[in-house]
Every structure is written in C-alpha cells, then in structure tokens.
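Trainee: Could we go through this structure together, one question at a time? I would like to learn how to reason from what I see.

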Amino acid sequence: MAQDKTRIPVIVGTGQVTDTTSKPEDARSPLQLMVEAAQLAAQDSGADAKALLGSLDSVTVIRLFADTSPRFASPFGKLANPPWSVARRVGANAASDLVYPPQGGDTPQVMLARACERIANGESQAALIVGGEALRTELAAKRAGLALEWGEDAPIAPDVLDGPKGMYTAAEEAHGMRSAIAMYAMIGQALRQAAGQTVDAYREASARLFARFAQVARDNPLATRRAGYGAEAIAEVTPENPYVGFPFTKLMTASAFIDQSAAFFVVSEALADALGIARDKRVYLHGTAAAHDQWFVSERARLDRSPAMRLSAQHALAQAGKSLADVSFFDIYSCFPSAVQIACSELGLSLDDPRGFTVTGGLPYFGGPGNNYVTHAIAEMVQRVRSQPGSFGLVMANGGLVTKEAVGVFSTQRPDKPFVREPASVIQDEIDRLTPRQALNAKPEGEAVIETCAVLHGKKGPERGVLFGRLLSTNERFLANTPSDAATLALLQSDQALGLRGQVSQVDGL
C-alpha cells in the first residue's frame, strides 16, 4: 500500500553562516544570522524561496546561550519570542507552532524528530529549525564600549515545551562545579583511570583524537579554526594553549565565542512535490532515538559510561534497519575529548576508525555555537549524504554533561515504511533499571580516597581543585574542594591524584 505523501517527512534545504571577520559595529545580531541561514536554506532547496518560507506552519529556534547560562547573559537586549521574530522576518506569517525548546546540545536532533513526527501525524506540512549565536561580536562590542540593540518584544510567548531544567545539584554548585569544564574534566579523569593511562598518555591520546577533527575543520570554509592543528600542538601546554580544566587544554574544548548560524527545513513529501523540489535535494530521517543518563553527574555510579548513548544509537540504527558497518559518515558531539571517547566506547567504534567522527570539524575547531552546534552537524550531514546518494550518516547529539543523548540516521534513500518516533520511555525505562542513583554523603568526615578530580585554571594558571571522593569506611561518594596552594594543585595534576588517600572534613558549611 502506497504511503500518504502528506505524512512522509523529508529534509529539503540547509543553510549555514560563519562570520569571523566583521567588526562589531558592522556584524549581525543572532536574529540577523538566523534569518540569513533560513534564507540560504530556502535557496538550497531549489524551490521558490518565498513560496517555501510562506508555507511554514512551524518555526523552532534553538535556545540562545544568552537565555541558557547566567555567564552568557547579553547586555544588548532580549528576544521575547525568538521563533516569532524569525517567522516575521522570513515571511512565515502563517506559522502558529512557535517553539523555543529547553537548553542542550541534543535539542536540534530532538526538534528534528519532533518536526518529522508532526508531519507523520498530519499536524504539520512545513517546519523550519534554526539557531544562531553572535558571541564573538558581543565580546568585541563589550570591549569596544558599544551599545547594540538586539532585543525585540513580541505579542505572544513561544512554546517552551517542558521548559528548561537545571543541570547541577545544589551541592555541585556549592562546590564550584557549575561548569561544563569541571564536569567533563572529571569525566575525562574517570576515563583515564578506567584505561589505566598516565596523565601524559591520556592527554596525548585525546590530542591524537582531536587532531583528526582539526584536519576536517582545516578543509571546511565554514570552520572558525582552520589551522589544522596536529596532535602535538593540541597536547602541548603553552601560554597560547593552556589548561582550561585539567586534563584538557584550550584546543580540546568547544570554542564558544563565535558568530555562526544554521537552519534546515522539514516538509512533507507532498509539499516538496508541489514546490518542485528535486529528488536529489531530499534527505530522510530513517532512525531516531533519545534518552538521558542519570541526570546529575555526581549521582552516576560510573562516570566513564553512558547507557543513553549506547541504547539511543542501537535503537536509531535498528529503526533504520542498519548497523554501524552501513554508516559512511559520523558526527559525534565533541565539546570535550571525554564526550567522544565515551561515545566511541558505547557504540563499539575504534578511536582510529577510518571513517572519522565529524563532518564539520567539531566544536573546538568548526565552532561551538551554544546549543546550536548539531543544527550545523545536521546541515552538513545532509550535504554529505546528498554527495553520495544512498549512503547513510549518523549524528549523535549530546546535551548537558553527557546527560541527554539524541541520535539520527540520515540518507537520500526513501524509507519503505512510515516515520515513527519511538517513545522515549522505551529506552528510558531500561536505562533507569540499569543505572541506580548513586548515594551521596552530604557531611563526609574521616579517611577518604579521591575518585576523580579536576583543576580549574584561570589566566594565571591553576586556581582551584574539585573532586568526587569515597569514604573508606562506607564507600559513599562525597563532593569536595581542596586547598588552592600550588603544591596541592600540582599533586591533583599528577599521576598519583586518583586513588590518593587523605582526610575529608567540613569547612565553612561544605
């Protein structure tokens, strides 16, 4: 029986913008960048751009970093309803589904799955997913003392779905762990210990892994760091490449202060036909799945594992009827080496897999535009599978602190079955059974051992240490800080730190 074309979702156009040169007085706001990316995506579809944009009934804007983290709050005004502002400027006057989802690097993939599901259910015919950041310009404008106006009021509020959810416990925040750098560094140390590596060996292995990403960025005109750094340059600690959060150097971390935007359209096959969109422009989402690990890092029994990564990938591939061997292109979220290392371990991929793990160059070298990197990864993956018709690509999106995982499998090949978005509970129930919550001792006292740790650096070098420890008497986990003297911080950065014994006690209420 033939499928109803009004219920077959297809990606038909992508657009990306990167600006590394404009002066702050001439540069574009996040809204302007998003509008430009949407217009480029409309052109890429090959359809009449005005007709495609005018047909939109849904616009989703990936949450801006300014609305995600207090650290990135903008002094230049706030968009009251970002999807409304975008829709108004691109001519999507009929769009009534205006979505501004919660934060997280997983949201572009999750929103793609939502758009496909709405089309499959007959609730939508055309959706735009777009995001953008202008943190490079914002920083330059602040330094120049400029007053920019990037805000806009709106007559209605956006749909925020289930709303933003905090990523840190009160105890993590109280111990100075409200930082992706701190958490991913401690996860990295757990990976190092599990692999039996020295500090130097782990740093060098991480650098070799990310050198492969840097080589892709070198050849990508949209990347923000195109030097093609080798492993030695990424690993070597220098004034230009200091530790940011030990054991990771600056060139191993996402580059957030960039101006980038990306967009793509998802329409029904019936509308694609009506708009005259060519077959070679069409890419289908064959499989998708999403789930989350134990929500808070300190409550995970194992920091070097991610059942959500493993099961989301398995379910997405199974839905597509494919295996890892069938995948030609990967893009694995790469905010820090530890995110990629866990993903490869969970998927069963060798760290030297010749297919590589990025189609863009990754967050440290392509650019890490807030929550929106995966919109770029999807846009680039669409171009890759178009270039090899019938090939398959896999995007793994990661949100939070190896917390929320979402996977998509893409191909130009037309699916032979209706699109179905598997309920998240199918995977989540299994994860919750596999990963009981780790108990914490809020008032630790006595002999203890360091389980994992990180040293956070500032402009002048190491500043403070954070750690998870275990009480020897009960094996309970606890959170702690260390004295910030040079000798203690140097010890935390040594091979002897993990497993080091000492005394834990409460100071100043911690």
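Trainee: How many cavities of 30 Å³ or more does a search of the whole structure find?

Mentor: Keep in mind that this is a predicted model. The largest cavity holds about 60 Å³ of space. For cavities of 30 Å³ or more, the search of the whole structure gives a count of one.

Trainee: Which element supplies the largest share of the lining of the largest cavity?

Mentor: The lining includes Ser-58, Met-111, Arg-114, Ala-115, Arg-118 and Ile-129. At least two lining residues come from each of strand S2 (58–61), H4 and strand S4 (126–134). The largest share, four residues, belongs to H4.

Trainee: Is H4 largely enclosed by the rest of the structure, or left open?

Mentor: Start with its dimensions: H4 has 14 residues and reaches 19 Å from first C-alpha to last, close to the 20 Å expected. After the helix comes Gly-122, with a positive phi near 80°. Since 13 of the 14 residues of H4 are buried, the helix is largely enclosed.

Trainee: Now for a pocket. Which residues are the closest to the centre of the second largest pocket?

Mentor: This pocket has a volume of about 660 Å³. Its lining is made of 31 residues. The closest to the centre are Asp-106, Val-110, Asp-162, Ala-290 and Arg-421.

Trainee: And which element gives the largest share of the lining of the second largest pocket?

Mentor: At least two lining residues are supplied by each of helix H4 (107–120), S8, S11 and H14. The largest share is six residues, and they come from H4.

Trainee: Let's turn to the sheet. In what order do the four strands of the open sheet lie?

Mentor: Look for the edges. Strand S8 (284–292) and strand S9 (329–332) each have a single partner strand, so one side of each is left without a neighbour in the sheet. The twist averages 10° from one strand to the next. With mixed pairing, the order is S8-S11-S10-S9.

Trainee: Which residue in S10 is the bridge partner of Phe-329?

Mentor: S9 and strand S10 (residues 392–399) run parallel and are joined by four bridges. In S10, the partner of Phe-329 is Gly-393.

Trainee: At about what angle to S8 does helix H11 run?

Mentor: H11 covers residues 307–320 and lies across S8, S10 and strand S11 (404–411). It reaches 20 Å from its first C-alpha to its last, close to the 20 Å expected. Its angle to S8 is about 155°.

Trainee: Against which elements do the buried residues of H11 pack?

Mentor: H11 is largely enclosed by the rest of the structure, because 10 of its 14 residues are buried. Among them are Met-309, Leu-311, Ala-316 and Leu-317. The buried residues pack against S8, helix H12 (337–347), S10, S11 and helix H14 (424–434).

Trainee: Which residue just after H11 takes a positive phi?

Mentor: H11 covers residues 307–320, and the residue to look at comes just after the helix. Its phi is about 70°, and it is Gly-321.

Trainee: Is Val-402 buried or exposed?

Mentor: Val-402 sits in the loop between S10 and S11. Its phi is positive, about 50°, although it is not a glycine. The cut-off for buried is under 20% relative accessible area. At 2% relative accessibility, Val-402 is therefore buried.

Trainee: How does Asn-475 count: buried, partly exposed or exposed?

Mentor: Asn-475 is in the loop between strand S13 (461–471) and strand S14 (477–481). Its phi is also positive, about 65°, and it is not a glycine. With a relative accessible area of 49%, Asn-475 is partly exposed.

Trainee: Is the peptide bond from Phe-246 to Pro-247 cis or trans?

Mentor: Pro-247 lies in the loop between strand S5 (243–246) and strand S6 (248–249). The omega of the bond is near 20°, and the bond is cis.

Trainee: Last one: with which residues is Gln-493 in contact, leaving aside its neighbours within four places in sequence?

Mentor: Gln-493 is in the loop between helix H15 (486–492) and strand S15 (501–504). It is buried, with a relative accessible area of 19%. Its contacts are Val-199, Tyr-243, Phe-246, Val-455, His-457 and Pro-462.

Terms used: Residues numbered from 1 in each chain as written. Predicted model: local features only at pLDDT ≥ 70, side-chain atom pairs only at ≥ 80, totals over all residues. Heavy atoms only, no water. Pairing = 2+ DSSP bridges. Axes fitted to C-alpha atoms, helices over the stretch in contact; angles between N-to-C directions. Contact = heavy atoms within 4.5 Å. Expected span 1.5 Å × (residues − 1). Buried < 20%, exposed > 50% of the residue type's maximum accessible area, 1.4 Å probe, protein only. 1 Å grid on protein atoms, 1.4 Å probe; cavity = no way out; pocket = protein on both sides within 12 Å on 5 of 7 lines; lining within 4 Å. Points joined across faces, edges and corners; volume = space filled by probe spheres on them.
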